[in-house]
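Here are some notes for a colleague who is opening this structure for the first time. They go from the overall fold to the spaces inside it, and then to the surface.

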Amino acid sequence: MARQIHPHKKHPKTYRRLLCRFLLVLPVILIVLPLFLIFVNAFLEPDEAALTYGGILGGKRLASFLLIPARPSLSPFADLFLYCRPFYTMFWNSVTYTVLTAAGQTVTAVPAAWAFAKLELPLKKTLFTIYMVIMMLPFQVTMLSNYFILDRIGLLHTRWALILPCIFSAFPVFVLTRFFSEVPQELIEAARIDGASRLQVFFHIGIPIGKSGITAVTILQMLEIWNTVEQPLFFLKAPGLFPLALFFPSLAADTFGSSFAAAIVMMLPPVLLFLYGRQELEAGIGHIGIEK
């Protein structure tokens, strides 16, 4: 006799699929929910913000959970763009630090990585090992020595206190060295036979082939520099030199909505940067991750 299947009885695989979907959707919700709250709170009026989050900001009432503002308003954005001068100063400071540091890293890291990957240098393996060790050290380990060096050369509490140490970061050198090491040696030897110099090989072969890797590393470093917090707190004293990441500790009841509006503005450049260089970023990261 044919086996009868109960119409209302679900197969165990169905439950496993439902459980897997739930376990996949739950992290997505946990990631998206804070972003949704940032967007919602950016449209809060000062009175509603104080009423909702008064406990967090020092009030006697408990903070409540708000999904949709009762009276959505654009006043936080108006206050931010029209009356908050420190926001513009910090925003352009962040743009300056990010652009100059990323450009400096490209100028120093790309030739260094090519030298580690393709040139015969004395003690090359030892120097590269030192680079890897430096890359693994957190900022807290080296911040005191950096502080004394910057103070001795007269750059402490200036813009260069943030730019100069980051220009010589070890991370882009490490990543690009592995990327350049996959450039075929036969191609380089053919170019040398045709009369190309070392510089011509670097500019006409190394950089074009390594374009996706250079772009990927540059985008990743720009995102890191844009969101930096500890370095400006430690190396800078004047508020006029602070980046945008330090705009948010001044959170208060009367500027609660404006702070969330500033958070949205701060998210826009990284998002636009990712959308602009997404293909290069994905290609570079994917290529770097391939083992030889």
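1. Helices and strands are taken here as DSSP runs, of at least four residues for a helix and at least two for a strand, and they are numbered from the N terminus. Read in that way, the elements of the chain run α-α-α-α-α-α-α-α-α-α-α-α-α-α from the N terminus on, which is to say that the chain has 14 helices and 0 strands. Please keep in mind throughout that this is a predicted model.

2. On burial, the chain has 292 residues, and buried residues make up 35% of them.

3. On enclosed space, a search of the whole structure finds 2 cavities of 30 Å³ or more, and the largest cavity has a volume of about 80 Å³. Its lining consists of Ala 102, Gln 105, Thr 106, Ala 109, Val 110, Pro 172, Leu 176, Ile 214, Val 217, Thr 218 and Gln 221. The elements that give two or more residues to this lining are α4 (85–118), α8 (170–180) and α11 (211–226), and α4 gives the most, with 5 residues. By class, the lining of the largest cavity divides into 7 nonpolar and 4 polar residues, with no charged ones.

4. On open space, the largest pocket holds about 790 Å³ and is lined by 28 residues, of which Phe 139, Pro 165, Cys 166, Ser 169 and Gln 231 lie nearest its centre. At least two lining residues are supplied by each of α4, α5 (124–136), α6 (139–152), α7 (160–167), α8, α11 and α12 (230–235), while the largest share, 6 residues, comes from α7. The lining of the largest pocket comprises 18 nonpolar, 9 polar and 1 charged residues.

5. On the surface, a nonpolar patch is formed by Val 25, Val 28, Ile 29, Ile 31, Val 32, Leu 33, Phe 36, Leu 67 and Ile 68, which together have about 800 Å² of accessible area. One of these residues, Val 32, has its place in helix α1 (residues 12–41).

6. Is Val 32 buried or exposed, or does it fall in between? Val 32 counts as partly exposed because its relative accessible area is 45%, and the term covers values between the limits of under 20% for buried and over 50% for exposed.

Terms used
Residues are numbered from 1 along each chain as its sequence is written. This is a predicted model: local features need pLDDT of at least 70, side-chain atom pairs count only at pLDDT 80 or more; totals for chains, interfaces and linings use all residues. Side-chain values use heavy atoms; hydrogens and water are left out. On a 1 Å grid over the protein atoms alone, a cavity is a set of points where a 1.4 Å probe fits but cannot get out, and a pocket is an open set with protein on both sides within 12 Å along at least five of seven lines; lining residues have an atom within 4 Å of a point. Grid points are joined across faces, edges and corners, and a volume is the space filled by probe spheres set on the points. Ala, Val, Leu, Ile, Met, Phe, Trp, Tyr, Cys and Pro count as nonpolar, Asp, Glu, Lys and Arg as charged, and the others, Gly among them, as polar. Patches are made of residues with over 30% relative accessible area and no salt bridge: like charges are joined within 9 Å, nonpolar side chains (Val, Leu, Ile, Met, Phe, Trp, Tyr) within 5 Å. Accessible areas come from the Shrake-Rupley method with a 1.4 Å probe; for residues, only the protein chains shown count as cover. A salt bridge is a side-chain nitrogen of Lys or Arg within 4 Å of a carboxyl oxygen of Asp or Glu. Buried means under 20% relative accessible area, exposed over 50%, partly exposed in between (1.4 Å probe, protein chains only).
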